[in-house]
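Student: I would like to go through the terms used for this model and check each against its definition. Can we start with the structure itself?

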Amino acid sequence: MSTMTGKALEILKQYYGYEQFRPLQGEIIQSILDKKDTVVLMPTGGGKSLCFQIPAMLSEGVCIVISPLLALMKDQVEALKANGISAAALNSTLTISGEDKVLSRCKNGEIKLLYISPEKLVSNLGALRTYFPVSFIAIDEAHCISAWGHDFRPEYTQLGMLREQMPGTPIIALTATADKVTRKDIVQQLRLKDPQHFIASFDRPNLSLRVKAGTKTKEKNAEILDFLETHPGEAGIIYCLSRRTTEEVAAFLRQKGHNADCYHAGLDNQTRERVQEAFINDELQIICATIAFGMGIDKSNVRWVIHYNLPKSIESFYQEIGRSGRDGLKSDTILYYSLGDLVMLSKFAAESKQSEINMARLQRMQQYAEANICRRKILLNYFGESMEHDCGNCDVCLNPRNFFDGTQLAQKALSAVIRMEEKVGVNMLIDVLRGSSRAELLEKGFQNIKTYGAGKEYSFNEWQQYILQLLHTGVMEIAYDDGFALRVTPYGHDLLYGRKKLQLARFEVKEKEPKEKKVREKKQALPEDNLFEMLRLLRLRIAREEGVPPYVVFNDASLRKMCEELPTEEEDFSNISGVGQYKMEHYGAQFLETIREFTGAQKTARQKGDTYKETLALYRQGLSVNEIAAKRELNPTTVWSHLAYLFEKGEDIRIGEHLSNEELERIIKAKRETGESNSLKALFDAMNGEIEYHKIRLGLAVIAKNIIRV
Ligand code: ADP
Ligand code: ZN
């Protein structure tokens, strides 16, 4: 190991609290430190940020990071600061004097990473360069430069001038999605010199993969409710094809008592921002969204993603499920796939500009959804990787398919299609096969054809499933340009006349899971779950006070580790993955306090809520907050929040002694002005820092208790 990598490892431990690099991270850091142009392809959640942040700290000058979205920049800067690394963002929301301040801090060497949007960089490059030395330039989401990619941003193309303007400065391009063509395009447009390429595996083994075909809306909704029962309080995204569906699903879930909202391009900016913020800040559990949601979020504790409809390509699908489980913890994904989706998407694709490419993409997506072999193999194969073993974490691996000779079944369907002169769609075909007597069918005289009722033994769902397989294997096709009528292909004719045979995967009748099993699956309240909840609440409180997303304080993986290892001393705590020096110093005491309280409570079987009782007892004896804090070896902040909690619970806390009516009124006003914010930081800022945090906390308790209607 070179000394450079040794240094990098030290930084990894000290600032990020991690023991070792993930695959390729060390090599990428080395390549940047060697001043080479570098291209990094790594899946979402793979750990790209470290790759340029650590060399930035090890280099002279400022590293300029180009990022397309304001929200992303903001989050990354906050995450860096929470690790004790000085970073800033230059964006259009800064005032001129704010901007000057940032620039002079860069000049003084106080800032190691400067985040900036491409347009801002291009228009200010001359000025920036005279201000401070640049160590290297990192271009995040580099695929945005390519018109081949799925997320082309014209402002990125101007970055081509960087090489000319700053010939000696290394450039590192990072992306999570880029096929070969796009990668080549990135290299060409940025004029990279003999770049080093690093391509990480796209496998995300912590994501489970499940596909459910042909489920009707009603069943789908019922299944989602069941799923939510086994994932209480866990954040997730439901992707839908249309805006209307997002609204309907969100409304349905809310009506069933879930904390859900919708997000799509038809909402105004303010609403979108509010919903996104609430999700990031763990205030909103479920988002029902169109694909417009997700690119701008770094939230690491998304625990599941459901596709309510089929996505239009494997790229989009992988990108979307990739938003779950960034912290490396187990996360679940479910894809619902129906014939209706397929018909709709095929129509979109056929009518689109690059219709052939889009149709091909959709077909690959369909192949994934219909797969009868390990799904992860198909995904990785799509991204050009091969996997030797079955993954054991997808529905096919867990439920190997049973095949049967489906020739006769296919013949029944094919013969019916031909007898109806290839003029009917899937629903009519199924009705005829099952011998339905609905009016339209009878009017057309379809009850007289030979195969009428020949497929009674299968349910509507089963037929849907099998017809999907027939379409997928190329026995039949849908005429998208002709009323979605079914047509028989040459292969279909061969089958029909017995020249070929066909294997089909048996439709597995979903037996209702026995109640018992469901209950067992339902997360049982294990003791460590209690602690996890306690730590989550503490994290939320700190995050609100500091005005940052909770996962910036600690991610779920770190909280889980705390629950497993129950550190009660500083030294053990700082060994938890994700606890760097800065976080140890800033949050250690409070987290340790909670863990000690928990383990103490476990040992002596004390009741939960004792800590509040102790505070209350001392308060009743007339001790001041500082005295209580000293006596209990707690932070005064903690005692204040105890008092606020006790007050909310109806204890006799004399709030008036600590908070005047005028102050309360200001808090109420600030709350209104900030769009009903509960963030202490936001309220603090809205009142220009004139009202102290603990007073805001008390004020919120008063408001929450509903004594005052805001
Ligand atoms: P990306 O930008 O590639 O989507 P991030 O840089 O946001 O991914 O990293 C995803 C998560 O993985 C973050 O929570 C990060 O702290 C964590 N992580 C990155 N590198 C390591 C490592 N070497 N050990 C443990 N966790 C890591
Ligand atoms: Zn598998």
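Tutor: What follows takes a sheet and a ligand site in turn; the model is predicted.

Student: Why are E8 and E13 called paired strands?

Tutor: Pairing requires at least two bridges between two strands. Seven bridges join E8 to strand E13 (residues 331-337), so the two count as paired. They run parallel, and Lys212 stands opposite Tyr336 in E13.

Student: What makes E8 and E10 edge strands?

Tutor: The open sheet has six strands in the order E8-E13-E12-E9-E11-E10, with parallel pairing. Strand E8 (207-213) and strand E10 (260-263) each pair on one side only. Neighbouring strands of this sheet are turned by 20 degrees against each other on average, direction ignored.

Student: Which strands does helix H11 lie across, and how does it run relative to E10?

Tutor: Helix H11 (residues 243-255) lies across strand E9 (235-239), E10 and strand E11 (286-289). Its angle to E10 is about 170 degrees. Angles run from 0 to 180 degrees between N-to-C directions, so H11 and E10 point in nearly opposite directions.

Student: How do you know that Tyr18 makes a polar contact with ligand 1?

Tutor: The cut-off is 3.5 Å between N or O atoms. An oxygen atom of ligand 1 is 2.7 Å from an N or O atom in the Tyr18 side chain, so the pair qualifies. A polar backbone atom of Gln20 is 2.9 Å from a nitrogen atom of the ligand.

Student: How much of ligand 1 does the protein bury?

Tutor: Taken alone, ligand 1 exposes 570 Å², and the protein buries 82% of that.

Methods. Residues numbered from 1 in each chain as written. Chains lettered and ligands numbered in written order. Predicted model: local features only at pLDDT ≥ 70, side-chain atom pairs only at ≥ 80, totals over all residues. Heavy atoms only, no water. Helix = DSSP H or I, 4+ residues; strand = E, 2+ residues; numbered from the N terminus. Contact = heavy atoms within 4.5 Å. Polar contact = N/O pair within 3.5 Å; in protein donor to acceptor, adjacent residues only side chain to side chain. Areas by Shrake-Rupley, 256 points an atom, 1.4 Å probe, with all protein chains shown as cover.
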